[in-house]
Amino acid sequence: LGPPAMAVMAGEEQEEDFQRFLRRVDEITNLVQGLNSPDPAVKEKIIAETEKRLHDQETSKEEETKTIVNRTVINTQASDMANAEAVNADDFLAILEKDAKERAKRRKRNEHLANALKEKGNDAFRKGDYDIAIQRYTEGLEKLKDKQELYTNRAQAFLKMHEYEKAIGDCEWALKCNEKCIKAYFLMGKAHLALKHYGESKQCYEKILQIDPQKESLFEDCMKEVNLEEKRTKDEERAMKEVQSGKLAALSIKELLQKLDRPDQNILYYTGGIRLLTGAVKDCTEQTLFRTNNGFSILNDNKVVRRGFCAERKNTAEVDLSVSLLFLWQAVCAGNEENLRLLLTQPDVNAQLPKLLSSGVSEIQKETLALISLYSENENGRRLLVRHQDLTEWLQILMTFVNSIDARASSAMNILSGLTEEERFRTQCRVMLSTGVLPLFTQLLTSAKLVNQAALACCIGIMGNLCADVVIRMQMAECKECWQACLKLVDECFDVSTPKYRECLFAVLGLMMNLLLESNVIIQYFAVDISGRCMSLLGDKDGRIVTRAIGVLSRILPASSSAVEEVVKGGVVKKIIKFLKAAGQITSNYGIKTLSICTRSNRQAQEDLVKSDKRFSVLLKLLDSENEMIVGNAAFCLGQCLVVPGAATSLLNSNVVMILLKHAGGDATRTLVQENAAIALGKLCVAEPRHIFQLRELNGLAILNSSMKYMHN
């Protein structure tokens, strides 16, 4: 037999040995359990079966004095049939228990040794010494052959060594130890993928999802990888067939790449060749042939091309060459994820992209942005960018295009909008935020009349989205210059009424709302100014702007009692009540929160609300809302205003008691709904005792008593 056949036989023997070991473990476990059974009949049957097993073992393997199970030796000293039969049940049970304890001790000792070897293997793996790692894991398995972690760890090391069949074998052994081992299926899927066994790889990943539905994200990523690799292989096979069949388009790609491979030609020669090559790339087949014929090596292997592309101050010929390369890469990468990935693995491309964006040459910037857009427009492309690029300075670089009046501005903002969805990008933005980004951003805000206002509105929205990152939001909220720039932009809206500028105003109000999730001395310092600007916007004709102005008020007023006094003097209560009569849910949420802040401690606000909202018709409507925040704040406002003389009496013929009782005894997820409703109910009955009659009719006195607790607190 040749080596492959012998290896197969060895594997079969190993499998048979392992299965025999597992069967013996199960049989011995069943015997021990039977001997401990309280049922005498079961116990007697097990004793008889055990004696028979001993007799059969003595007669069939007379020459053997020990049996090896999982490298553990069990002593079976020979004895004649008469002695075996003479052993009574109690003695035999004692022997079995003693033997079980000894085996448990040996297993514990072996497990300790196996764990130590596993750690040594892990240490070697981390250092990249995969041969040593495999050796240590193997030694561990010699100590404990049913330890799943050793199989999966060794499989991982085999994957690093490109020994995929061995990795699959170890994963199969791991699954014999634990049929729900997700790591085993994951590594087996990787190994099958490397062997181009796409169907088997998908089956492994599907198993992961069956075992744990929470692994859906991992499953989707793995399936994307398989589908991408499968598509790459099919594309390359199709491209090869076209070359072999002599198709002109396929042959032209190869020929053009060969011509570009000629060294030491004039830069114009290479520029012309690259443009011809770009024109020849029509579909996926040409894209694949470009890749399989080492098209991406143009930059690395050709000194003239590399020098022209990487030159810091480019002459006209070098600009033309660079633009030609950018056109070519767009052609070969559009819709082709494998080519997108390979392009970013080129060191010079990675290093030059931010430099090209900052070059100041509009043609180069335009085509660089177009190339980057191929990545930013989908999740996989963005992940490639984040993985291969240092994006620390990109926010600042792309933000500068707000000063551009052409398509570069919108391209840059679209790229940023996509990148802000990636957590890793947001994390990298923290690095240059205070030193580079915020100074530039405030300068753009203060120059809003002069820059590309459509792009500026997008830029402000992007900065607002970045506020989802707590660190970024905190730094921005503490930037005095940023707040001043926001206020300046709001001030200028009264002079500039163009639609694009109003989009900037709408965006900056949203940014301010996000920043006001923070609380600091800077916000307190600007509270009166911010609330004053918002009051002036309440008369705006654009409902979106009014809604956001009220939203800013709802978040800035808690920071300053002085701001509350100023807006109350400015008639905020009457204005908000007017909006609430016909407002949607978002405006209602902001509006009632603003009123609850004003009425909490300001008597004038309480009196203004009673005057503006006759018989509390607006508040009663809000108390019927399905939004718990609105209900809770409406109940709070009502409770605060009941101290005004006559307020409680005006509600005598209403259903307010029933509404408050429903909320006070309800099951809202926000406990403040129950508390505020109970407090308002208590205050109502204290201010106007006649409400107690209706409360008594509704059997609500118990809830009223509980409301006293909240009032006392």
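Accessible areas here come from the Shrake-Rupley method with a 1.4 Å probe. For this predicted model, the accessible surface of the protein is about 35900 Å², and carbon and sulfur atoms hold 51% of that area.

Start with the whole chain. Color by secondary structure: the protein contains 39 helices and two strands. Next, color by burial; 47% of the 713 residues count as buried. If you display contacts with a separation of 6 or more, 69% of them join residues 24 or more positions apart.

Now select residues 182–215. UniProt lists this range as "repeat: TPR", in an unreviewed entry. Helix makes up 79% of residues 182–215 and strand 0%. The C-alpha atoms at the two ends of the range lie 10 Å apart.

Two stops on backbone geometry follow. Most residues other than glycine have a negative phi.

Select N294, in the loop that links α13 (284–292) and α14 (298–301). Phi of N294 is positive, near 60°. Is N294 buried or exposed? With a relative accessible area of 54%, N294 is exposed, because the cut-off for exposed is over 50%.

Move on to F616, in the loop between α33 (603–612) and α34 (617–623). F616 is not a glycine, yet phi is positive here too, at about 55°. Is F616 buried or exposed? The relative accessible area of F616 is 1%, so F616 is buried by the cut-off of under 20%.

To finish, show both residues together: N294 is exposed, whereas F616 is buried.

Technical notes: Residues numbered from 1 in each chain as written. Predicted model: local features only at pLDDT ≥ 70, side-chain atom pairs only at ≥ 80, totals over all residues. Heavy atoms only, no water. Helix = DSSP H or I, 4+ residues; strand = E, 2+ residues; numbered from the N terminus. Buried < 20%, exposed > 50% of the residue type's maximum accessible area, 1.4 Å probe, protein only. Contact = heavy atoms within 4.5 Å. UniProt positions renumbered as here; feature names shortened; annotations may be inferred.
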